[in-house]
Amino acid sequence: MDRRFLAIYWRDMLRYVRFRTLLLSSLVQPALWLAFFGIAMSSSFDAIGTQVPSGPGIPQVGYLTFMCAGVISMTTLFTSLFGGMSLLFDKNWGLLREVMAAPMPRSNIVLGMGLSGITKSCIQAGIILAFGLLLGVRFFDGYSPLRLAMAVGGIFAFVSVFALGFVFLSSAIAISMESPEGMQGIMTLLTMPIFFASNALYPVEAFPEALRLLSMANPLSHMVTGIRYFAIGPEFSAIGRTFVCSSTDLLVSFGALCLFSTLTFLFALHRVRVARVT
Amino acid sequence: MPEDMIRVEGLSHRFDDLVAVDDVSFHVRPGEVFSFLGPNGAGKSTVINVLTTLLPLQEGRVVIAGFDLRTEPDRVRSAIGIVFQEVTLDRDMTVTETLLFHGRLYGLPRDEVRERAEELVRLVELETKRDVLVKHLSGGMKRRLEIARGLMTRPAVLFLDEPTIGLDPQTRARMWDYLRDVNRDGTTIFLTTHYMDEADGLSDRIAIIDRGRIIAEDTPLDLKNALGRDLVYLETTDNGRARAVLEADPAVTGVREKGPAGLLVTVSEDGTRVVPRLLDALRESGVVIDGLNIKKPSMDDVFIHHTGRALRDEGAESFAAAVGRRR
């Protein structure tokens, strides 16, 4: 088997740990989201939510717990969307020429970037989970050790597939762009609708029809659904509504993410294959 | 070992409607140092980019180390090492990491990568810089590291695109020493340069390339000998009359203007013996000599002879600017 994508992976991780400030800020930033946005919002939302009683046997969770899945998803989205950026820098000022001249299938470049995206995202997700639990996020409430292990595994599986999809997308864009400024612009343009047209911070049922359809096609919504299923449970109530996610729903969401990352993989592969760096 | 390390036949390359390389053919023998000499924008980088697979082969046939570039590009890639014109190092990797990354990229076995990296660090004398980040290296050190990187896979041919561009004279001289060492160890070297002294001092054979075509190809000595034995530079009070007198002498093979007030005379015999005779003839016809110089032809003169302009001519520069942007 061709394992040269590990060279690409090794080098990208090398950069990840080398830039200490960047590393630190990428770990602290999501925690700050939880601490400030989460706590501020939950203190107002929970005042409304608790007035509506949940049905018998359905666990009720606070807003902080509800939005924690959103923060994990958002962080993975940001990290992954900027994950391909190094290709652009390498293309303009660095190693990409060396890489392109190597007798190696171009798919290795895409796979290496993907693997490094998974690693970074899983590290971040782990940190947010831990920090969230400290802050009072009620994830894994009353889980047996076995169920806990499966839940954490499930979350990481969702984070990984989701991260792959956006790292591939980001790599495809990066290798086609000329300037980091342009790339920055596209990324900013993308993150806004992806993040807000989703169920990360609020339920989508009350959305206008068009926005609701958009959010259902949004990979971020599927990601959030998956995390909530594993971390809170198939059925729970929050902010005055009941959320139900059957195992079929879960599989549909996972399938959607797999499809998304397959498509972006093919896109990235194509862009890397036609790319000329001289 | 193949008879020719590099064989190029009828190579052409165009960018949109600009012909950057026009029907170029040449061959490089194993163990040779072969130079492409020409002004910026002459098409040197395009040729090297096609040969190293960074640009597609549009027209022509290229065989490197016995592998056809069109049908076996990956085997060509495995057989060559490249030092690019611009620095292509990651500023935030160390010297050792840079070499290890390259070895892994080419799928070399782990132990071999370490061993080879250590060997090359010593070859280019960067032992004390092993764990230093690239951004803290000097320009010359970066170039040496790039040469070491190009040699990681023990290539049969090392391609270098303008290897000493932007380096100070001492560093350039040292670079040439490294390249001679590498060549002595059996690596064939193909380099492009716009420095006359570099091509002259380093190469076994030179191809002079201008506007996408090879206009002369030979050993440095024969290229210079073809111009005649010596060059005589004269400044006189009446260059027009002087020219007529000079051209009447059987030893004079060419006279042309040089600079605002000078004449450059090519002679086919030893200049020190011809000049007294020429001076007598000039004096007899009433031409007064203001200045005189005798020299052996340089690669610079060879270039001017073949292209009609110096390497730093305005024309060459603006042509370079037009091509350089789309290289």
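A crossing is left-handed if the near helix is turned anticlockwise from the far one by less than a right angle, and right-handed if clockwise. I started my notes on the helices of chain A with that rule.

I kept the ground rules in view: this is a predicted model, where local features need pLDDT of at least 70, side-chain atom pairs count only at pLDDT 80 or more, and totals for chains, interfaces and linings use all residues. Residues are numbered from 1 along each chain as its sequence is written, chains are lettered from A and ligands numbered from 1 in written order, and side-chain values use heavy atoms, without hydrogens and water.

**Entry: helices 7 and 8, chain A**

I looked up helix 7 (residues 145-176) and helix 8 (residues 180-196) of chain A; helices are DSSP runs of H or I, at least four residues, numbered from the N terminus. They pack at about 150°, axes 11 Å apart. Axes are lines fitted to C-alpha atoms over the stretch in contact, and angles run from 0 to 180 degrees between N-to-C directions. The angle therefore makes helix 7 of chain A roughly antiparallel to helix 8 of chain A (under 35 degrees is roughly parallel, over 145 roughly antiparallel, 65 to 115 roughly perpendicular, the rest oblique). Their crossing is right-handed.

Contact (heavy atoms within 4.5 Å) involves A:F166, A:L169, A:S170, A:I173 and A:A174 of helix 7 of chain A, and A:M183, A:I186, A:M187, A:L190 and A:I194 of helix 8 of chain A. By class I read 9 nonpolar, 1 polar and no charged residues (Ala, Val, Leu, Ile, Met, Phe, Trp, Tyr, Cys and Pro are nonpolar; Asp, Glu, Lys and Arg charged; the others, Gly among them, polar).

**Entry: helices 9 and 10, chain B**

Next came helix 9 (residues 239-247) and helix 10 (residues 271-284) of chain B, at about 130° with axes 10 Å apart. That angle makes helix 9 of chain B oblique to helix 10 of chain B.

**Entry: the chain interface**

I then took chain B against chain A. Chain B gives 30 residues to the contact and chain A gives 24. Together they bury about 2500 Å², 61% of it on carbon and sulfur atoms (accessible area, 1.4 Å probe, lost on being put together, summed over both parts). On the chain B side, B:L54, B:F101 and B:L105 lose the most area, together 26% of what that side buries.

I counted 5 salt bridges between the chains (a Lys or Arg side-chain nitrogen within 4 Å of an Asp or Glu carboxyl oxygen). A:R18 pairs with B:E97, closest N and O atoms 2.7 Å apart. A:E98 pairs with B:R149 at 3.0 Å.

Technical notes
Helix = DSSP H or I, 4+ residues; strand = E, 2+ residues; numbered from the N terminus. Buried area = accessible area lost by both parts, 1.4 Å probe.
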